[in-house]
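Subject: Two-chain model, handover and notes

Hello,

Here is the structure for your queue. My notes follow below it.

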Amino acid sequence: MEDRKIYKILIISVVLLLGATLSYSQSKYIHICTSPGISHFRDLATSPLYYKGNTISFSGGYLKLSKERLSGINIEYTTGGHKSNYNGTNESSLFHSIDLSYKLLFPIKIKIGEKTSLYAGGSLVTTTNFRENKALHNNSFGLENITNLMLASLIEKGTTSGHNRGSKFFVELLAGIANMNYRPGYAYSYMPAINETTIRALAGYNFSLSGFRFKAKAGYRKKLPNGNMMALFYNFDVYNAPGKYEPFNYSRHSVSLSLIFKYK
Amino acid sequence: MKSWFKLIFLILVLANCSCTKWFFGKDLASTDPFVNFDYLWNEVDRKYAYFSLKKVDWDSVRQAYRPKLNSGISQDSLFYILGSMLNELRDDHTNLMSPFNISRYNQSKNEMDNFDYKIVQKYYIYETEYTTGVFQHGFVKKHNIGYIRYKTFLGDISESDLDYILERYGNTIGLIIDLRENGGGNFVNILKLLSRFTNTKSLVMYNRTRNGPGREDFGPFEPFYISPSGKARYIDKPIIVLIDRGSYSASTFFALATKAMDNIYLIGDKTGGGGGLPNGGQLPNGWTYRFSITQSYDLKKVNYAEEGVEPDHYCQMNWLHSTRDEILELALDKITNFAQRTDNSYER
């Protein structure tokens with residue numbers, strides 16, 4: 001029953017968000033981005049220790065900007081090695097993550113300052129992690145999906161000097177309001193998962209509607225004379241996916257350099 | 001306005017500097033011996049699969065071992081106490097691993113040795129043995145019988161290797177697969193190998209996995225099937241699998257599965273056990289562990305594989321004969337006897 005509720009929430013969210021983007025007069029951009037960073041994770045189903053490491057992300061997507069709304073889709077791949085060095089032990093975990101997100105923001109007509117704009121809306125983010133830690137034997141393979149429906153807000157402040165006209169400082173904050181995760185079952189590994197020469201890696205997995213997620217971005221976006229843009233910003237992503245039994249904790253700090261090309 | 005932006009930046013930076021503690025609570029890493037003892041005892045209590053089959057009173061184990069700790073205990077002594085506690089489970093799928101040692105129950109050390117491959121190579125294999133992938137094999141001297149030595153389930157069995165071997169021995173009257181002292185490995189190899197000895201999808205065993213904190217909390221019986229696959233098969237002729245107390249884990253699963261297959265027979269000693277899938281985890285002090293979390297059952301839903309699968313014909317080595325392998329001799333007799341029968345029947 002809970003799984004059905006989760007599917008309903010997801011489907012309704014996607015329909016509402018996509019439905020709201022029907023054609024408007026808007027500028028369209030594609031963007032590419034790279035983000036070196038530092039991340040921590042802890043899967044309490046297999047270890048109470050944090051694994052820490054340097055990661056790098058590559059992402060791309062598109063943005064639509066109009067007077068009525070701001071929307072965009074982004075896909076991001078993150079990879080890196082994580083280590084736990086404690087009490088003379090040195091264990092490592094490979095980490096790969098794919099993140100898909102869609103956001104839709106509307107301008108809020110509140111006067112909060114000169115050249116300052118405020119937007120609010122929603123975002124749907126789904127993240128799938130693949131991890132491998134050989135020290136954990138038959139629990140060496142870790143996989144989880146975290147999907148969040150998030151409230152989103154964006155504050156932009158334009159610069160006034162002539163040559164930087166159109167460039168903006170910005171802060172974007174997202175907070176999860178419906179947090180879903182797909183995590184291993186009670187035993188983590190399952191003998192029935194090995195059957196008929198294939199491994200059913202997701203045997204025993206469960207959906208759970210629990211946890212939290214918070215994302216933040218803050219930086220500067222410079223508008224170039226040809227209409228393209230370049231942005232440098234700080235990113236923060238943190239989530240807790242409790243699953244039905246034991247939680248997965250994750251946080252990442254990164255610095256992003258993004259190139260934004262106008263194509264319409 | 002500028003000060004407002006600065007304030008947001010400051011909040012973000014401060015929140016992020018101590019984010020793990022702020023969002024997830026305190027770091028659970030600890031070298032405290034009591035913390036590590038309790039963590040390991042609880043993990044086993046919540047997830048181990050064989051308390052009742054082995055009649056292990058886990059609460060008494062805690063009472064016996066926890067008083068041996070003190071706050072200043074050395075790493076070596078802590079390892080000894082935790083490893084000894086795990087050995088109360090009498091399970092070779094249960095280990096504690098630290099940078100300086102690995103604990104083992106080591107069931108087979110007290111059992112009789114029933115295998116010497118040099119005897120097989122020197123006195124039974126015709127001319128030189130072949131090595132094809134993970135298998136060593138050859139024709140048996142003076143018999144039209146194939147002998148395959150499979151010493152570990154680790155690594156992947158190649159389908160082309162199996163095709164080659166089964167085509168080479170396609171015209172023999174029987175096949176011997178020697179799993180003595182095979183300590184196990186990748187369970188998928190069980191399916192790859194057995195799929196060559198059947199023409200129909202066969203239910204061969206059931207498994208159950210711990211699914212709750214109660215010591216008898218298990219999920220449903222999950223069927224385990226062998227399905228035919230591969231180009232070359234060996235059907236309608238006897239296959240004898242040699243086992244001993246060193247045949248552990250995947251070898252025990254393999255032996256259990258053959259009980260449901262009409263053309264495969266077991267000869268030797270009881271297998272060493274290891275009928276549960278081990279998990280893996282890490283303690284607050286960084287050491288790692290594993291223990292069994294599943295149970296395996298035969299087709300009558302009887303749970304015995306953890307303590308070993310019985311052979312169809314018991315046989316042991318006589319070490320007074322340094323040129324003779326009694327277990328292999330019995331297998332050759334049984335195959336020859338089968339070939340001489342006209343009704344294709346074979347008594348287990």
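Which residue stands opposite A:S39 in β13(A)? A:R252 does. Keep that residue in mind, as it comes up again below.

Some ground rules. This is a predicted model, in which local features need pLDDT of at least 70 and side-chain atom pairs count only at pLDDT 80 or more, while totals for chains, interfaces and linings use all residues. Residues are numbered from 1 along each chain as its sequence is written, and chains are lettered from A and ligands numbered from 1 in the order in which they are written.

Chain A

Chain A has one helix and 13 strands. Helices (H or I, at least four residues) and strands (E, at least two) are DSSP runs, numbered from the N terminus. The helix comes at the N-terminal end of the order, and the strands follow. Of the 264 residues in chain A, 38% are buried. Buried means that 20 or more other C-beta atoms lie within 10 Å of the residue's own; exposed means 12 or fewer, partly exposed in between, with C-beta atoms placed from the backbone. Contacts (C-beta atoms, placed from the backbone, within 7 Å) reach along the sequence: of those in chain A with a separation of 6 or more, 63% join residues 24 or more positions apart.

β13(A) has two antiparallel partners. β1(A) is joined to β13(A) by 13 bridges, and β12(A) to β13(A) also by 13. Strands pair if DSSP finds at least two bridges between them. A:R252 also stands opposite A:D237. The hairpin of β12(A) and β13(A) has six residues between the strands, and A:G243 there takes a positive phi near 60°.

The interface

45 residues of chain A contact 45 residues of chain B. On the chain A side, the elements that each supply at least two residues include β1 (27-43), β12 (229-241) and β13 (248-262). That side divides into 20 nonpolar, 21 polar and four charged residues. Here Ala, Val, Leu, Ile, Met, Phe, Trp, Tyr, Cys and Pro count as nonpolar, Asp, Glu, Lys and Arg as charged, and the others, Gly among them, as polar.

Chain B: helices

The 15 residues of α3(B) should span 21 Å at 1.5 Å a residue, and the end C-alpha atoms are 21 Å apart, which agrees. The expected span is 1.5 Å times one less than the number of residues. Buried residues of α3(B) include B:F37, B:L40 and B:V44. The buried residues of α3(B) fall within an arc of 165°, so they line one face of the helix. The arc is that of the directions from the helix axis to the C-beta atoms. Their cover includes α4, α5 and β11 (288-290) of chain B.

Among the buried residues of α5(B) are B:L78, B:F79 and B:L82. The buried set covers an arc of only 155°, which puts it on the same side of α5(B). Those residues pack against α3 (33-47), α4 (58-65) and β1 (95-97) of chain B.

Chain B: sheet

Seven strands form an open sheet with mixed pairing, in the order β2-β3-β4-β5-β8-β9-β13 (chain B). β2 (130-132) and β13 (313-314) of chain B stand at the edges with a single partner strand each, so one side of each lacks a neighbour in the sheet. Five bridges join β8(B) to β9(B), which run parallel. B:I243 stands opposite B:G268 in β9(B). Helix α9 (residues 250-258) of chain B lies across β8 and β9 of chain B, at about 145° to β8(B). Axes are lines fitted to C-alpha atoms, for helices over the stretch in contact; angles run from 0 to 180 degrees between N-to-C directions.

Best wishes

Methods. Two residues are in contact if their C-beta atoms, placed from the backbone, lie within 7 Å.
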